[in-house]
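Good morning, colleagues. I would ask you to keep the sequence and the structure in view while I speak.

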Amino acid sequence: LDITNENPYQSFYKEKGVWKSDRVSAIVARFNEKNAENWYAETENRIIPLSDNRLLIPDIVFTEKGDSNRQVMLEWVQYPSEAKLKWLRKLAKELPENYIFAVKGKNEKTKSLEKKLDSKVLLFSKDLTAPAILRRLKEL
């Protein structure tokens with residue numbers, strides 16, 4: 001049995017669109033509240049292909065208001081395992097210029113990641129905050 005979008009079967013659930021976490025929605029709302037004049041944040045659902053069947057899937061895209069309309073994408077790594085940190089280090093040369101990883105943790109493992117990725121990583125110890133994101137956006 002194949003299920004495709006062409007099957008006549010209908011779900012009784014209402015379509016809600018792309019799922020987004022409450023944490024991501026909250027940081028988007030806080031960011032827009034604090035930075036309404038210069039930047040706009042929204043949840044993102046695009047997929048960015050890399051080599052060797054690797055993908056980037058940003059959680060948030062920030063758009064700078066004004067003539068530039070520059071966009072910066074952020075992927076929130078809330079639980080950085082050793083395998084995930086190793087994967088991030090391998091991606092260093094392939095990352096788009098406008099891509100940031102927000103990584104929870106300020107220990108030796110994550111600080112070594114900051115040395116490798118430079119401005120492409122935003123380390124936070126407890127909560128990801130709108131002012132911290134804005135500082136990193138200004139550094140790019």
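**A walk through the predicted model**

With a relative accessibility of 0%, L91 counts as buried. Please keep in mind throughout that this is a predicted model.

Where does L91 sit? Its place is in the loop between α2 and β6. Leaving aside residues up to four places away in sequence, L91 touches L50, R54, L56 and F101. L91 can also be set beside L117: the two are 26 residues apart in sequence, and their C-alpha atoms lie 8.9 Å apart in space.

One of the residues that L91 touches, R54, brings me to the salt bridges. How many salt bridges does a search of the whole structure find? The search finds seven. Among them is the pair of R54 and D52, whose closest N and O atoms are 3.9 Å apart. The cut-off for a salt bridge is 4 Å, so this pair is counted.

Are R54 and D52 buried or exposed? R54 counts as buried, at 16% relative accessibility, whereas D52 is exposed, with a relative accessible area of 65%.

R54 has another partner. E94 forms a salt bridge with R54, and here the closest N and O atoms are 2.3 Å apart. E94 lies in the loop between α2 and β6 (99-104), while R54 lies in the loop between β2 (48-49) and β3 (55-56), so this pair ties together parts that are 40 residues apart in sequence. E94 itself is partly exposed, its relative accessible area being 26%. Taken together, D52, R54 and E94 are linked in a network of salt bridges.

A further salt bridge joins E64 and R70, with 3.1 Å between the closest N and O atoms. E64 is partly exposed, with a relative accessible area of 23%, and R70 also counts as partly exposed, at 28% relative accessibility.

I turn now to helix α1, residues 22-34. At 1.5 Å a residue, its 13 residues should span 18 Å; the end C-alpha atoms are 18 Å apart, which agrees.

Which residues of α1 are buried? They are V24, I27, V28, F31 and N32. Seen down the axis of α1, these buried residues fall within an arc of 130°, so they line one face of the helix. As a general point, an α-helix has 3.6 residues a turn, so residues three or four places apart point the same way. On the other side of α1, D22, E33 and K34 are exposed.

Against what do the buried residues of α1 pack? Their partners are the strands β1 (39-43), β4 (60-64) and β5, together with the helix α4 (130-139).

My last residue is Q78, found in the loop between β5 (71-77) and α2 (82-90). The relative accessible area of Q78 is 17%; the limit for a buried residue is under 20%, so Q78 is buried.

Which residues does Q78 touch, if those up to four places away in sequence are not counted? Q78 touches R23 and K104. With R23 there is also a polar contact, made between the two side chains at 2.5 Å.

To close, I would return to two points. The buried residues of α1 line one face of the helix, and D52, R54 and E94 are linked in a network of salt bridges. Thank you for your attention.

Definitions and conventions:
Residues numbered from 1 in each chain as written. Predicted model: local features only at pLDDT ≥ 70, side-chain atom pairs only at ≥ 80, totals over all residues. Heavy atoms only, no water. Helix = DSSP H or I, 4+ residues; strand = E, 2+ residues; numbered from the N terminus. Buried < 20%, exposed > 50% of the residue type's maximum accessible area, 1.4 Å probe, protein only. Polar contact = N/O pair within 3.5 Å; in protein donor to acceptor, adjacent residues only side chain to side chain. Contact = heavy atoms within 4.5 Å. Salt bridge = Lys/Arg side-chain N within 4 Å of Asp/Glu carboxyl O. Expected span 1.5 Å × (residues − 1). Arc of directions from axis to C-beta.
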